[in-house]
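I opened the notebook to record what I looked up in this complex, one topic at a time.

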Amino acid sequence: MNEAAPVSLLERRGATRTLDAHVTGCAISRDSQQVAFVTGKGDIIVAPRADWGQADAWQVTTVHDGAVLSVAADAAPGGFLTGGDDNTLRRIAADGTVSELVRGRRWVEHVATWASPKDATKGGVIAFVAGRQVELRDASGETTLKTLDHPSTVSGITFDAKGKRIAASHYNGATMWFVHAKVDTPRQLEWKGSHIGVVIHPEGEALVTSMQESELHGWRLSDGHNMRMSGYPAKVASMAFTRNGKWLVTSGADVVVMWPFFGGGPMGKAPAELGGVPGVICTRVATHPVHDIVAAGFADGTVLLADTTAQKILPVCTAGGGPISALAFSDDGCALAFGTEEGRIAIVDLSAR
Amino acid sequence: MSDATQASPDTDRLVPVTVLTGFLGAGKTTLLNHILTAEHGRKYAVVVNEFGELGVDNDLVVDADEEVFEMNNGCICCTVRGDLIRILGNLMKRRGKFDGIIVETTGLADPAPVAQTFFVDEDVRGKTRLDAVVTVVDAYNVLQTLNESPEAVNQIAFADVIILNKTDLVDEVALATIESRIRAINGVARLHRAQRGDVPLSDVLDQGGFDLQRALQQAPRFLEESEHHHEEDVTSMSFVVEEPLDGAKFQAWIGALLQEKGADILRAKGILNYAGESQRFAFQAVHMMADGGFIGPWKKGEKPESRLVFIGRNLNRPQLRRGFESCRAK
């Protein structure tokens, strides 16, 4: 650091607030007009775009009787879906109305949605996890399309970029399903061990899971070829492909680890390392939807932005406020939101001024 | 900077987890309800795995599947409860809503994967601590169960606390036989008699069964050598070396022993006197997973000698004694 530390991006372009709860997730609506944070106390905090700079105006609503375990932008242009340890899936509409979509017998640990990037009002799909089952519903949330069974509890789900397939991670591998198939012929991707999260390459070239043993496992989808990506000091709790699929950006080390998915990689290639905090584990990553930019959050509360091409680092905020537990970019790339285990929530406005 | 997040968590901050095992019908759920409804002013989260005939009387009950998997860490017996890693991680996000967690296992469950989960997973270790394995035993059926089921033997062998329940259904002579049979398997656990699970909470909660500070706090109670049930599949053995040990030699010996015999050694505990060290060294292991550390000076009036206890199958007493004695400092 130089003698006078530059004012951080958060101070210049952001707003922050501290809650008395563990921030368990954050999401930004598909129309990029609302940011939502969810907590271990069952609350959702919603910030409309006009109030991004005024943290005291963000609205707190209790949505679950217990912890909110998952949050996703609704399949509709506005609003959110949340899953809780009260075994319910709820919708918070753009106008703030809360409704209960599902009340089951298991925690709703994961929620994912897909909507056409061209027209978010048509053909959207909602997916959520309850135990070993993934249930798919139409965008209304009222009609079940299908229920997908797995051999053990599902630890993560993700749609592919086109919304045609959904993948679920579980013990001994991952399963890919066609969302709209009349007859289900799931593709089993097998690898012994406990898989605890899943991502799909934006062009559908590969599927990668995070594993209990602090490593990644991947399958090249064209031929099922196995890939192993190891060397992490901690479990990889967060991973994301860059918009063009060139890099898989991951947490789990005291630098941001990026695996190359070009030029024959990641097989036989060393990962690139982008900045970091010595001795402090990266806990969350997010990739920008428009530019070659990565956001990373660390166990000491540090958040930084990095340019994957120029390897330039821009600090968003320095240490403090607890380990980063939630991090997201808006679909239009204008907002970065993050939250911490100790209740700090923040929104940074990245739009051109 | 680096110590800001890497500092080892102090045990007071960690939420205690009690594991409740025992055969179907032994009275686990009765004991559980007794704990939950007692006037202690504490709140518990309960993780249950089977819907027994009795309901669990608590606000926060999590229904789980016992999902065991084998770690790919080259350790053949390292099985872990993946569902617990997930559930404990999520429960800890509630923060401040409860004082402890009680995990009830199915009747046939092996306690090892539960215990190993606390050795293996960094997130679980960072927020919770395994307090004790409590095994409920039905006095009326236990002798038959032990003859028929290796799982029941494992549950007793693994226990820090054994609740001998339904003692009103058998007479004193039978109870003595039962207790000596249990002691032959596990000479370290605290054994309490009960009827309908009516034990004081201080006998079940806050036992520090995996706390190095409290390792072998209670002197093991073993039967005399001659009284041993030699047909017993699982046994306890304790060893004492009065002369100071060479720390490096001990580490090398115990490391090799656990590597070779870890599948047979269910639990091991020790308090050791290293030559040239004023502090006691505590050691414990569950199968091949071990941990150890210095736990402060010897207490006043305490004899600085090294004690080691093994609970397991196929334990070779002369071999273990020779091995332990070979760790003496020259």
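**The annotated stretch of chain B**

I began with residues 234-328 of chain B, where the chain is 25% helix and 44% strand, and where the end C-alpha atoms are 28 Å apart. I then checked the record for these residues: an unreviewed UniProt entry annotates 234-328 of chain B as "domain: CobW C-terminal". I keep in mind that this is a predicted model.

**Chain B as a whole**

I counted the secondary structure next and noted 10 helices and 14 strands in chain B. Of the 330 residues in chain B, 43% are buried. I also looked at how far apart in sequence the contacting residues lie: among contacts in chain B with a separation of 6 or more, 76% are between residues 24 or more positions apart.

**How far to trust it**

For chain B I noted a mean pLDDT of 87, with 90% of the residues reaching 70 or more. Where in chain B is confidence lowest, and where is it highest? The low end is helix α1 (residues 3-6) of chain B, with a mean of 33, while the high end is strand β8 (residues 161-165) of chain B, at 96. Over residues 1-9 of chain B the pLDDT is below 50, although this stretch still has 13 contacts in the model beyond near neighbours in sequence. I will leave the fine detail there alone, because predicted coordinates should not be read in detail where pLDDT is low. For the complex, the predictor gives an ipTM of 0.91 and a pTM of 0.91.

**Where the chains meet**

I looked up the interface and found 23 residues of chain A in contact with 19 residues of chain B. Which element of chain A gives the most to the side that touches chain B? That element is strand β16 (residues 187-200) of chain A, with three residues. By residue type, this side of chain A divides into eight nonpolar, 10 polar and five charged residues.

**The sheet in chain A**

I followed β16 of chain A into its sheet, which is open and has six strands in the order β14-β15-β16-β17-β18-β19 (chain A), with antiparallel pairing. At its edges I noted β14 (156-159) and β19 (226-229) of chain A, each of which pairs on one side only. Neighbouring strands of this sheet are turned by 45 degrees against each other on average, with direction ignored. I then looked at one pair in particular: strand β17 (residues 206-211) and strand β18 (residues 215-220) of chain A run antiparallel and are joined by six bridges. Within chain A, Leu207(A) stands opposite Trp219(A) in β18(A).

Terms used: Residues are numbered from 1 along each chain as its sequence is written. Chains are lettered from A and ligands numbered from 1 in the order in which they are written. This is a predicted model: local features need pLDDT of at least 70, side-chain atom pairs count only at pLDDT 80 or more; totals for chains, interfaces and linings use all residues. pLDDT is the predictor's confidence in each residue, from 0 to 100. Helices (H or I, at least four residues) and strands (E, at least two) are DSSP runs, numbered from the N terminus. Two residues are in contact if their C-beta atoms, placed from the backbone, lie within 7 Å. Ala, Val, Leu, Ile, Met, Phe, Trp, Tyr, Cys and Pro count as nonpolar, Asp, Glu, Lys and Arg as charged, and the others, Gly among them, as polar. UniProt positions are given in the numbering used here, feature names are shortened, and annotations may be inferred rather than shown by experiment. Two strands pair if DSSP finds at least two bridges between them. Axes are lines fitted to C-alpha atoms, for helices over the stretch in contact, and angles run from 0 to 180 degrees between N-to-C directions. A residue is buried if 20 or more other C-beta atoms lie within 10 Å of its own, exposed if 12 or fewer, and partly exposed in between; C-beta atoms are placed from the backbone.
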